[in-house]
Amino acid sequence: MLDLSTLNPRQREAVTTLEGPVLILAGAGTGKTRVITYRIAHLLQRGVPPEHILAVTFTNKAAREMLERVNHLVPRARRPGAAAARPTICTFHALGVRLLRRYIDRLGYKPHFVIYDEAEQLAAVRKILAQISAPGEKTDPHAVLSLLSRYRNGGERAAAFAQPGAHALAEHVRARYESALRACNAVDFDDLLLLPLRLFREHPDVLEACRAQYRYLMVDEYQDTNAVQFELVRALAARHRNLCVVGDDDQSIYGWRGAEPANLLELEKHFPEVKVIKLEQNYRSTTTILEAANALIRHNPRRRGKHLWSALGAGARIRLFTFADEEEEARTVVEQIEADRLARRVPWSHQAVLFRTNGQARALETAFRRAGVHYHLVGGQSFFDRREVRDFLAYLRALLNPHDDLGLLRIANVPARGLSDATMQRLIAASHERRGSVFAAMQNPAVTAALPARARDCVAAFVRWLEETARPLRAAGPGFSLTAWAEGWLGPIGYWDELRRGEKTAEAAENRVRNLRELVAGLDREAGPEGSPAERLVRYLEAVTLDAEREADSGPAGDAVTLITMHSCKGLEFPHVFIVGLEEGLLPHARAKEEGTLEEERRLFYVAITRARLTLKLGHCAARRKYGQLTPCHPSSFLRELPAELIEPAETRAGAPVSPETARAWFAAMREKLAAHRAP
């Protein structure tokens, strides 16, 4: 028999309430997955055939974990009357594939349809844009595909649709796009949800067959469902009403992906008889951390009330750091982590650093590399692996030594300068024949004479540009600014425009531009003042190369600090958490008020806080570097929503311990400063 004695009273109620609609409000760290798997196991032990049970979640990893736990709790041999059958535990998209494989012929498709990946979708969009665009007009296919996906999924209210003509463009492209896929008997990932919903609407017998099969329906992370997913769930559960949704509106942080927290908040509109069960006992964090999270999230007016509590004790107070800038921020984070490792034997793997945007990882990565601390970046690409950074470093190598084939070949036609793939292949072949570099082949009249006239002119222009741009590195004396030199050629070659042109959204493009501007701005500082410009540049490139090798050695496995964005940390937990960048404009993000997402920004901070098990440190900068210039920053308005008695300023300027009375006075002063900043 299934042992329910290990569950707390609210968890047991959630597991044993099997009939009718149920909303399980599962706060952070309250054992949500345990409740879902026990509930499925309980259904099986009560004699419900496995084929009548459907549990839907958002990731394949979560689905696999649930199925493994159910198999452990109720091995197949112990399931009444079902030796081989198993419950359906899958993602929304996997459910869509199951339904379409069975019924897609009803919609006029052949049964053996193909699922287009993003590259194939982009190819279809490019073809359509070529047909409808005016001569000389350039439209980013990535941006159009993203707009189209939001439009098809009912996300017309997204900020992107505020742009003039966005609706008309999406509708115009949609008809052609869907026709193009249909002609190839293909569907995309959006279709895996949209077509089953169309099946249910146009073929009632299909809907009835699915309702008869899936009599007990469970949905995990219900606060993350979008409009289409909600309609699918409602259609399946409308007759038998045995719907159990599990979620937490306080952890709804994916509005930018189309998630609708209203699906959870307004469940009674569609299922008036729903029973609400709250899971509030947290098994992860100390009382201090939970009280801070509770106080913060209460400032959101539209939410289902819940109060997390823990039997794990008060724990340490939350430490609050104020840094001069992001370099001091990163250096102090490393120092704190190393102090914990050496004095308290806290392994790196027990530490996590959380931040709002990917761009904040740059200074942190640099500090960790310098200190030799292993780290693993989650939810983002390493700063030094980003396209704009690799391109810039390749330019520096090629200008320092044009015979460096790796650097030269990466940037020869970036931005496009008429050096086509065919031209470069001929030059590479010539360099192999002559046992020389590609640049030597470009300088050889016997090689270039065999090229078409236009290609020959483009090669000559590129050679001249390399030689003229590199000349100051050898001719200039002390005091030469590598930063000013790089800024002087990046614009004229069109590289900034190249970065903006290649991105799906304007925000993504500006992030790349910002990353590179900050790298260029720090070139003189990182290269040091000693030596000629060429010697300084050699030293800079050597340091970057050694850093890359060190990161490769550390790898993601083993003992390493986790660097992670707040959006990526949901569902994870760490013994020790440091949240940095708690400033107005970062958190809450600068766009929050304009786009009406301030409550979601607060939920994001709530999620970040509730990742911590034992200790929590918070930090904000007095100034942060933007486009190479230090810009004053204000502490996040969310900080004043935390109870002062839970906060301990890290230290005074003299480094002496801070008394509770001093901490409270300091925090009160900071509140006044924030209030004055917010006043009109």
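**Figure 1. Overall view of the predicted model, with its helices and strands**. The protein contains 29 helices and 19 strands. Its chain has 680 residues, and 53% of these are buried. Among contacts with a separation of 6 or more, 76% join residues that lie 24 or more positions apart. The exposed surface comes to about 30,500 Å², of which carbon and sulfur atoms supply 52%.

**Figure 2. Close-up of the packing of helix α4 against helix α8**. Two packed helices are described by the angle between their axes and the distance between the axes. Helix α4 spans residues 92–103 and helix α8 spans residues 191–202. Their axes come within 8 Å and cross at roughly 50 degrees. An angle from 35 degrees up to 65 degrees falls in the oblique class, and α4 and α8 are therefore oblique to each other. The crossing is left-handed. On the α4 side the contact is made by F92, H93, G96, V97, L99, L100 and Y103. On the α8 side it is made by D191, L192, L193, L195, P196, L199 and F200. Of the residues in this contact, eleven are nonpolar, two are polar and one is charged.

**Figure 3. Close-up of the packing of helix α8 against helix α10**. Helix α10 covers residues 227–237. The axes of α8 and α10 come within 10 Å, with a crossing angle of roughly 35 degrees. This crossing is left-handed. Helix α8 contributes L193, L194, P196, L197, F200 and R201 to the contact. Helix α10 contributes V228, Q229, E231, L232, A235 and L236. By class, the residues of the contact of α8 with α10 are nine nonpolar, one polar and two charged. L193, P196 and F200 of α8 take part in the contact with α4 and also in the contact with α10.

**Figure 4. Close-up of E221 and R241, in the loops on either side of α10**. Most residues other than glycine have a negative phi, and most peptide bonds are trans. E221 has a positive phi, near 50 degrees. This residue is found in the loop between β6 (216–219) and α10. E221 is buried, because its relative accessible area of 17% is under the 20% limit. R241 is not a glycine either, and its phi is positive at about 65 degrees. R241 lies in the loop between α10 and β7. With a relative accessible area of 23%, R241 is partly exposed.

**Figure 5. Close-up of Q251 and the residues around it**. Q251 sits in the loop that runs between β7 (243–247) and α11 (262–265). The relative accessible area of Q251 is 9%, so this residue is buried. Not counting residues up to four places away in sequence, Q251 touches A26, G27 and A28, as well as Q223 and D224. The list of its contacts also includes K570, R603, Y606, V607 and R611.

**Figure 6. Close-up of the loop between β15 and α27, with P588 and H589**. The strand β15 covers residues 574–579 and the helix α27 covers residues 592–595. P588 lies in the loop between them, and the peptide bond from L587 to P588 is cis, with omega near 0 degrees. H589 lies in that loop as well. Its relative accessibility is 16%, so H589 counts as buried. Apart from neighbours within four places in sequence, H589 is in contact with R356, T357 and E601. H589 and E601 are twelve residues apart in sequence, and their C-alpha atoms are 7.2 Å apart.

**Figure 7. Close-up of the cis peptide bond between V414 and P415**. Omega of this bond is about -5 degrees. P415 is placed in the loop between α17 (405–411) and α18 (421–433).

**Figure 8. Close-up of K138 and R501**. K138 belongs to the loop between α5 (118–132) and α6 (141–152). K138 is exposed, because its relative accessible area of 72% is over the 50% limit. Along the chain, K138 and R501 are 363 residues apart, while their C-alpha atoms are separated by 9.2 Å.

Definitions and conventions: Residues numbered from 1 in each chain as written. Predicted model: local features only at pLDDT ≥ 70, side-chain atom pairs only at ≥ 80, totals over all residues. Heavy atoms only, no water. Helix = DSSP H or I, 4+ residues; strand = E, 2+ residues; numbered from the N terminus. Buried < 20%, exposed > 50% of the residue type's maximum accessible area, 1.4 Å probe, protein only. Contact = heavy atoms within 4.5 Å. Areas by Shrake-Rupley, 256 points an atom, 1.4 Å probe, with all protein chains shown as cover. Axes fitted to C-alpha atoms, helices over the stretch in contact; angles between N-to-C directions. Parallel < 35°, antiparallel > 145°, perpendicular 65-115°, else oblique. Left-handed = near helix turned anticlockwise from the far one by under 90°. Nonpolar A, V, L, I, M, F, W, Y, C, P; charged D, E, K, R; others polar.
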